[in-house]
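Me: I would like a close look at a single part of this structure, namely one helix and the partner against which it packs. Please explain it formally, in connected prose suited to a first-year student.

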Amino acid sequence: MIKVLIADDQAMVREGFGALLAAQPDMLVVGDAADGAAAVTRTRELRPDVVLMDVRMPVMDGLEATRRLSSPDGPRIVILTTFDLDDYVYAALRAGASGFLLKDAPAADLINAVRVVAAGEALLAPKVTRRLIAEFAARPVTDRPKPAALNALTSRETDVLLLIARGRSNQEIAEELIVAEQTVKTHIGRILAKLNLRDRAQAVVFAYETGLVSPS
């Protein structure tokens with residue numbers, strides 16, 4: 001059973017999303033919160049598997065709440081927004097979010113988002129990845145030494161990380177490297193473990209921040 005907490009300052013959003021998710025046989029809505037501070041408190045009390053986190057909330061915004069809840073054994077956080085993602089992609093990923101969802105997305109997308117992040121995957125569509133790349137492209141180029149952690153990766157794992165950073169899906173990576181999709185999943189698991197990263201979203205940020213891949 002996937003335990004979910006919904007944090008949004010609009011009661012109708014909380015109630016609507018809550019009813020939808022509670023109707024799923026594999027989900028349990030354990031609570032909600034109307035602001036970021038309450039989201040942090042209730043998450044620590046109720047220990048949900050997934051938190052649906054609005055960006056703009058009173059008392060504390062969703063980005064700060066995400067930052068405070070981010071930990072290796074913490075919940076997976078999906079950022080909810082009515083806004084275009086450009087302003088929030090990088091900040092939310094750095095804060096520890098596992099994905100994004102627009103509030104006007106179809107109901108099936110919301111249900112799928114909860115299942116995807118609960119399974120340990122990142123809800124990071126190619127469109128979102130491209131925007132993240134654009135964020136780095138706008139930054140001045142600096143010569144940064146690559147972190148020693150990268151030395152722990154095999155050449156094939158490095159290839160996989162590069163393709164993740166380019167927004168490729170597991171299937172696309174498998175086709176490009178001519179390996180089974182399950183092999184790709186195994187490589188990704190090892191990459192995350194060696195680099196102490198939570199999920200695919202953090203892997204993308206890591207690849208660009210360390211200069212492993214450039215946004216050309």
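Reply: Helices, here runs of at least four residues, and strands, runs of at least two, are assigned by DSSP and numbered from the N terminus. Counted in this way, the chain has 10 helices and 5 strands. The model is a predicted one, with an average pLDDT of 83 over the chain and a score of at least 70 for 83% of the residues. Of its 216 residues, 47% count as buried.

The part chosen for a close look is helix α7, which spans residues 155–165. Several of its residues are buried, namely Glu157, Val160, Leu161, Leu163, Ile164 and Ala165. After the helix comes glycine 167, which has a positive phi near 85 degrees.

The partner of α7 considered here is helix α9, residues 181–195. Two packed helices are described by the angle between their axes and by the distance between those axes. For α7 and α9, the axes come within 10 Å and cross at roughly 95 degrees. Angles of 65 to 115 degrees count as roughly perpendicular, and therefore α7 is roughly perpendicular to α9.

On the side of α7, the contact is made by Arg156, Glu157, Val160, Leu161 and Ile164. On the side of α9, His187, Ile188, Arg190, Ile191, Lys194 and Leu195 take part. Sorted by class, the contact comprises 6 nonpolar, 4 charged and 1 polar residues. Among the α7 residues in this contact, Glu157, Val160, Leu161 and Ile164 are also buried.

Definitions and conventions: Residues numbered from 1 in each chain as written. Predicted model: local features only at pLDDT ≥ 70, side-chain atom pairs only at ≥ 80, totals over all residues. Heavy atoms only, no water. Axes fitted to C-alpha atoms, helices over the stretch in contact; angles between N-to-C directions. Parallel < 35°, antiparallel > 145°, perpendicular 65-115°, else oblique. Contact = heavy atoms within 4.5 Å. Nonpolar A, V, L, I, M, F, W, Y, C, P; charged D, E, K, R; others polar. Buried < 20%, exposed > 50% of the residue type's maximum accessible area, 1.4 Å probe, protein only. pLDDT = per-residue confidence, 0-100.
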